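Hi everyone, thanks for making time. I'd like to walk you through one model today, so let's put it up on the screen.

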Amino acid sequence: MTGRTPARFTADDYRARMERAVRAAGDAGLAGLLVAPGPDLVWLTGYAPPAATERLTLLLLTPDRDPVLVVPALEAPDAAAAAGAPALTLRDWTDGKDPYAATTALLDTGGRYGVSDNAWALHLLRLQKALPDSSYASLTEALPMLRAVKDAAELELMAAAGAAADATYEEIRKVPFAGRRESEVGADLAGLLRCFGHSQVDFTIVASGPNGANPHHEVGDRVIEHGDMIVLDFGGLKDGYGSDTSRTVHVGEPTDEERRVHDLVREAQEAGFRAVRPGVACQEVDRAARAVIADAGYGEYFIHRTGHGIGVTTHEPPYMIEGEEQPLVPGMCFSVEPGVYLPGRFGVRIEDIVTVTEDGGRRLNDTTRELVIVD
């Protein structure tokens, strides 16, 4: 795949994100944010410490001081090399010292803080013990829109990830399906995603025949047969941003019912997409897609939400689901992926990543949504 490599983020970009996060915390009535290793830390600083470390690593964002990243001394050189490091102060600690004392000295003894969802309970409990009058809220609960609205550079990366997933689909259509195991086709999908620039493959669902009625089947040992409907759902991270797309293919000519159900899901996906515009509540996207399927008598077989947010992870807030009243905002990115799942028989899902524009929505996946016949 050819094309210009999108620009990398600078220290100024990360500084602006941290400043925005502090303002959002204040607006939410929080004294600050405590950000542990994970997608929030990567998005705010560009730093991704070892995933398995049990040593305290924590970004402190408060309105009364510059950002501080508490890190173990042995990992401080890597933290200092992160793109966002010039925008923050590093405070390292060595084994045998108490990192919680150094951390709590920088916090308000009675403050309420937002904490990244994947913070270790071990660390949070030690902070609570040191500051018994403090309280905490998850970032998803307190600041669900923190990463939801993408800027122009992020949208460029999202579009590139979507194009890579599209290129993967165009190639997977050419491989043989019948007589091969789902796991073999899944391995083809993973290889193609990497070939087209993904550094991380998060999922490769290949759900053939009756397995297609399980939305999260992924891959198994079932041998694909002539006459199977196959749900393909795959994605991961390219240059730090997510892809996620679903198409449903058929081995040989489909039955009239299979084609009718596929056309129904395609119509529902189009309805969900056309509901996207600024100011509309997330739940309206779900309602639009779901109404098409329900009106056709298949409502009980659409068993999941219509969509999820995507960015530096492949699944994140906000969600396109009944009860989610968050208005759509230009720059938000999320999936629109209705489906119909007939137990013991087959399933159909069609999914695009969509971004909200100033007057509607734009798909980041452009492959055909028609039912494709494969060998």
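**A hairpin, a helix and two cysteines**

Let's start at a turn: the hairpin of β8 and β9 has 2 residues between its strands, and D239 there takes a positive phi near 50°. Do keep in mind that this is a predicted model.

Around that turn, β8 (residues 229-238) and β9 (residues 241-251) run antiparallel, and 10 bridges join them. One pair to look for is L237, which stands opposite G242 in β9.

β8 has another neighbour, too. Strand β7 (residues 200-208) pairs with β8, again in the antiparallel sense, over 8 bridges. Here S208 has I230 of β8 as its bridge partner.

So is β8 buried or exposed? 10 of its 10 residues are buried, so the strand is largely enclosed by the rest of the structure.

Now over to helix α9, residues 256-274. How does its span agree with 1.5 Å a residue? Its 19 residues should span 27 Å, and the end C-alpha atoms are 27 Å apart, so the two agree. The buried residues of α9 include V261, L264, V265, A268 and F273, but also E258, H262 and Q269.

Last, the cysteines. How many disulfides are there? The count comes to 0. For C282, the nearest cysteine sulfur is that of C333, 12 Å away, whereas a disulfide needs the sulfur atoms within 2.5 Å. C333 is likewise in no disulfide. Both are buried, though: C282 has a relative accessible area of 0%, and C333 is at 2%.

That's my tour, and I'm happy to go back to any part of it.

Technical notes
Residues numbered from 1 in each chain as written. Predicted model: local features only at pLDDT ≥ 70, side-chain atom pairs only at ≥ 80, totals over all residues. Heavy atoms only, no water. Buried < 20%, exposed > 50% of the residue type's maximum accessible area, 1.4 Å probe, protein only. Helix = DSSP H or I, 4+ residues; strand = E, 2+ residues; numbered from the N terminus. Expected span 1.5 Å × (residues − 1). Pairing = 2+ DSSP bridges.
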